[in-house]
Amino acid sequence: MKKRLIIITGAAIILCAFILNHTGKPWQGKMQQLPGRLECEYYDEGGEGVAYHDADSTNNGSGKLNPANGSFLNEFRMKEGVDISYAKTGNIDNNPYNKVPRDINKLYVGWTQPGEWINYTVKVNKAGTYPIGVLYTANGNGIISVDIDGKDATGPLNINTTHDDRDTVAWRQWHHWNSSDSIGSITLKKGVHVLTLHIITNGNMNLDFLNFGKSLK
Ligand SMILES: [Ca+2]
Ligand SMILES: [Ca+2]
């Protein structure tokens, strides 16, 4: 009986150690480095419930809005639930209602909905408290937040709407790009950590990247 108890206790300790030390699997083994830019589309591998939670299992961008045609941009992670598209020419993402200049052919996470989350296993090279910037569109005010290793590290971060009544093309309300150098701040410890991006309120956001630290602009 005593032996069994020792085995069970031992197993519990190993399990706890595993959970406490658990980090995810960076996309293609390329761990993103902070401070710096966190590209939203390079989230961890592992699928629904492990690397992310998405409202539907379809990728509404890659392979759908952007039909499978053998190209990297159209087929980027198209079998995964996180919804991904890329900035396009033709007065789509390079429209006159942008608040900041927009690079074309850059991937972003879109079709965001409250309750969705995405994990990134990152390497922090220098500990510190950093401002969080973002390149985004938002058809209505929204809120996101960031966890580090499963604990809220930012509180609610407000994303200001980029809706513009002057634009009469309805679908383009999702394509007015803006950026902020500081929607909040975060304290990061050196080492490997799992960062979780949460969509708190309002879907309708397209998130290209988060920037941790001083903007490179
Ligand atoms: Ca989806
Ligand atoms: Ca989604």
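## Two calcium sites and two cores

Let's begin with D56, which counts as partly exposed because its relative accessibility is 30%; here buried means under 20% relative accessible area, exposed over 50%, and partly exposed in between (1.4 Å probe, protein chains only). Before going on, please note that this is a predicted model, in which local features need pLDDT of at least 70 and side-chain atom pairs count only at pLDDT 80 or more, while totals for chains, interfaces and linings use all residues. Residues are numbered from 1 along each chain as its sequence is written, chains are lettered from A and ligands numbered from 1 in the order in which they are written, and side-chain values use heavy atoms, leaving out hydrogens and water.

D56 is one of the residues around the calcium ion (ligand 1), whose donors are D54 (OD), D56 (O), D56 (OD), T58 (O), G81 (O), D83 (OD) and D83 (OD), at 2.2 to 2.8 Å. Donors are N, O and S atoms within 2.8 Å of the metal (3.2 Å for Na, K and Ca); water is not among the atoms, so sites may look incomplete. Along the sequence, these donor residues follow the spacing D-x1-D-x1-T-x22-G-x1-D. D56 and G81 link distant parts of the chain, 25 residues apart: D56 sits in the loop between β3 (52–53) and β4 (62–63), and G81 in the loop between α2 (72–75) and β6 (84–86). Helices (H or I, at least four residues) and strands (E, at least two) are DSSP runs, numbered from the N terminus. G81 is buried, because its relative accessible area is 3%.

Now step across to the calcium ion (ligand 2), 4.1 Å from the calcium ion (ligand 1), with D54 coordinating both. The calcium ion (ligand 2) is held by D54 (OD), D54 (OD), D83 (OD), W111 (O), E116 (OE) and E116 (OE), at 2.3 to 2.9 Å. Among these donor residues, W111 is partly exposed at 34% relative accessibility, whereas E116 is buried at 5%.

Finally, turn to the interior. The largest nonpolar core has 38 residues, and Y120, I144, L195 and F212 touch the most other members; such a core is a set of buried Ala, Val, Leu, Ile, Met, Phe, Trp, Tyr and Cys residues joined through side-chain atoms within 4.5 Å. Strand β9 (residues 128–138) supplies the largest share of this core, five residues. A second, separate core of five residues includes V100, Y108, L135 and F209.
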